[in-house]
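Colleague: I would like to go through a structure feature by feature. Please give the general idea where there is one, and then the case at hand.

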Amino acid sequence: MTIKEQIKSILEKAVKKTLKNNSDEISVQYPSDLSHGDYATNIAMKLGKIMQKNPREIAEQIVKNIPKNTLIEKVGIAGPGFINFFISEKNLKIEMAKVLKEKAKYSKSNEGKKKTVIVEYSSPNIAKPLGVHHLLSTIIGQTLNNILDAIGYKTISINHIGDWGTQFGKLIYAYKKWGNKTILEKDPINEMLKLYVKFHEVAEKDPSLEDAARKEFKDFEEGEKENRKLWEWFVKESLKDMNKTYKKLSGIKFDYTLGESFYEDKMDELLEEGKKKKIFVEGDEGSYIAKFDDENMSPMVVQKKDGATLYSTRDMTTLKYRITRWKPEKILYVVDMAQNMYFKQLFETAKRFSWYKDEGFHVSFGRMRMEDMQMSTRKGNIILLDSVLEEAIKRAKKIIEEKSPNLKNKDKIAEIVGIGSVKYNILSQNRSTDIVFDWDKMLSLEGNSAPYLQYTYARAHSILRKAKTAKVSVKTDENKNEIAEKISHILRMIPKFKEQLIFSAHEYKPNLLSQYLYELAQKFNSFYNSVPVLTAKNKKEKIFRLQVTQSVSQILKNGLALLGVEVVEEM
RNA sequence: GUCCGCGUAGCUCAGCUGGAUAGAGCAAUGCCCUUCUAAGGCAAAGGCCGCAGGUUCAAAUCCUGCCGCGGAUACCA
């Protein structure tokens, strides 16, 4: 149990004792100012309103009913009726000891009770290279998977690749018309992209191409041999390319990569089931749709007029498959918010099937766009993910050459710093905010960024390294108050790590974790600047400060690992 | 048109389950390397939290309307 949860539990009992019939959720929050303690509650004000009594009086009663315990050092009533809790330093030190003891495992909890959660993310449409915008789902999804896993859920990560659908009809059509075997064999992914872009260029002038592409897909779906062979080829080459990029990103791991094609032979059954239960009804021109009462929701087409399937058909089939196979408590879809309505339709329709119990959840995030134009693969307006990663590494390398020319393993460190900064850039932003792609911003190496945290870690390590070897003379003149304050700030941050981790998981917001780590690093850098560790006034104090340093570095490492950002001991 | 999201410092963004003086980074100003990595720290500066109402002891946060931007709006995904 975290300290926050303990406070909450203590409070619940005290409130219950004060007034017999309380059912309200008690919220425990962090006060904005440390002088108001470590935790606070506004429960007295809430009750004051209901009971028509002075909140401060209620607060006093509640405080009286808090039993003596070792956790809380002091309880105060402030302002209009806040109850403030101050955690004793002894308990903060106990928490610090846990960090030192559990090391890499400090972050684990049993919050999730081993319940199964499926996380679907990345899920690119293949037959074209990964663009920067694929970073969002990939990085956010992987991090959510890591975080949920850490707090005790059994996670299943799935890359639901788009290897089916009309887009392949387009590609097959384009290849047959303009393609060339030798060229495509030589540089498959880029040639596919070229064909795809060309198709849309021509189709703009001649819309009949769209129908031709639909026909190619339909033929393919019905088993036409040549098309199937082409498809297999395109898929094979795309996957090869895709995995290279994932590898470069590092830390991207899927338990399953199941493309839409995996569900090919399972769709008929679902369509039949839906039609039989009148969940899918006939729409225009022989198509099948699901209708909704909400007039703002357009119907969802599940079968085209030509009988071919769509995204929705495959998604619905996938949903059933996952529920049947894994019996998850939740299925998270990490997909951008352009698909908000689509997922509403999907889940709303699923509810009409007996096998669905509201497992689906759309973790939607803002879109990435370019300053002056739409990012559109169709138009060829795509910034390749590979090129962004390479540029990030290049920029990191340049800084290393400037700041630490004598460093060993510069290339490896440049990679860790560069890739880390790209990931962190995305994870530190609230996922609902749109991102305008900007090279400098994306690859920022200062301020609230991965390198700042990595640098903090490296500094801490530098101290720890020297503690083992170097002989240092002890300093005696110390600013006692300042030192006590800096250390206290850090100690008070420690229990919040797990608390914020759990909060971050429940909200599906990685930025809550990154925000915490940033604050911790800031406090540590401030400590670093004014509190001597190796030259502490006496041996006991030195050991204590080393422990503080050690625990901060451990938390930074654990937290960054969850974000998929590696640390280095020197940079 | 309708629905969804967003609008916070010059710029990029946190904060939004209502709470105590609205926070960071970048840019701009001044200071700190004879002490552990200056990719750092300290100080100061910068705000009608889009606008107008409403609810409340308390609103950046909730509700309504308006303005601006983005997205969605049946056979793409």
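Modeller: Helices and strands here are DSSP runs, numbered from the N terminus, a helix having at least four residues and a strand at least two. With that, Glu111 can be placed: it lies in the loop between helix H4 (89–102) and S5. Keep in mind that this is a predicted model.

Colleague: Is Glu111 buried, exposed or partly exposed?

Modeller: A residue is buried with 20 or more other C-beta atoms within 10 Å of its own, and exposed with 12 or fewer. Glu111 has 19 other C-beta atoms within 10 Å, so it is partly exposed. Not counting residues up to four places away in sequence, Glu111 touches Ile151, Gly152 and Ile502. From Glu111 to Thr377 the C-alpha distance is 41 Å, with the two positions 266 residues apart in sequence numbering.

Colleague: Which helix does Gly152 follow?

Modeller: Gly152 comes just after H5 and takes a positive phi of about 95°. Helix H5 (residues 134–150) reaches 24 Å from its first C-alpha to its last, close to the 24 Å expected at 1.5 Å a residue.

Colleague: How many residues of H5 are buried?

Modeller: 16 of its 17 residues are buried, and H5 is mostly covered.

Colleague: How does the end of helix H21 read?

Modeller: Helix H21 (residues 539–562) has 24 residues and reaches 35 Å between its first and last C-alpha, close to the 34 Å expected. Gly564 follows H21, and the phi of Gly564 is positive, near 80°.

Colleague: Now strands. What holds the strands of a sheet together?

Modeller: Strands of a sheet pair through backbone hydrogen bonds, in a parallel or an antiparallel sense. A parallel case is S5 with strand S6 (residues 154–159), joined by five bridges. In this pair, Thr116 stands opposite Lys154 in S6.

Colleague: Why is strand S5 described as largely enclosed?

Modeller: Four of the five residues of strand S5 (residues 116–120) are buried, so the rest of the structure largely encloses it.

Colleague: Which strands make up the antiparallel open sheet?

Modeller: Three strands form it, in the order S8-S9-S10. Strand S8 (281–282) and strand S10 (300–303) are the edge strands, each pairing on one side only. Strand S9 (residues 288–290) pairs with S10 over three bridges, and Ile289 stands opposite Val301 in S10.

Colleague: Is Tyr288 buried or exposed?

Modeller: Tyr288, found in strand S9, counts as buried because it has 22 C-beta neighbours inside 10 Å. Beyond four places in sequence, Tyr288 touches Lys275, Phe280, Val281, Glu282, Gly283, Val302 and Gln303. Tyr288 and Asn406 are 67 Å apart, C-alpha to C-alpha, and 118 residues apart in sequence.

Colleague: What is the general idea behind a nonpolar core?

Modeller: In soluble globular proteins, nonpolar side chains tend to be buried together. The largest nonpolar core in this model has 129 residues, and Leu171, Leu332 and Leu556 have the most contacts inside it. Helix H15 (residues 410–427) gives this core its largest share, nine residues. Apart from it lies another core, of 13 residues, which includes Tyr263, Ala290, Met300 and Leu319.

Colleague: Which residues does Leu171 contact?

Modeller: Leaving aside neighbours within four places in sequence, Leu171 is in contact with Ala127, Met192, Leu195, Tyr196 and Phe234.

Colleague: Which residues are closest to RNA strand B?

Modeller: Gly165, Gly283, Lys304, Gly447 and Ser462 are the closest, among 80 residues that surround RNA strand B. The surface near RNA strand B divides into 32 nonpolar, 32 polar and 16 charged residues. Its largest share, eight residues, comes from H17. Elements that each supply at least two residues include helix H2 (43–51), strand S4 (82–87), helix H6 (166–178) and helix H17 (450–469).

Colleague: And chain A as a whole?

Modeller: Chain A has 21 helices and 14 strands. Its C-alpha trace spans about 80 × 70 × 40 Å along the principal axes. Of its 571 residues, 40% count as buried. Among contacts between residues at least 6 apart in sequence, 73% join residues at least 24 apart.

How values were computed. Residues are numbered from 1 along each chain as its sequence is written. Chains are lettered from A and ligands numbered from 1 in the order in which they are written. A nonpolar core is a set of buried Ala, Val, Leu, Ile, Met, Phe, Trp, Tyr and Cys residues joined through C-beta atoms within 7 Å. Two residues are in contact if their C-beta atoms, placed from the backbone, lie within 7 Å. A residue is near a molecule or strand if its C-beta atom, placed from the backbone, lies within 6 Å of it. Ala, Val, Leu, Ile, Met, Phe, Trp, Tyr, Cys and Pro count as nonpolar, Asp, Glu, Lys and Arg as charged, and the others, Gly among them, as polar. Two strands pair if DSSP finds at least two bridges between them. The expected span of a helix is 1.5 Å times one less than its number of residues.
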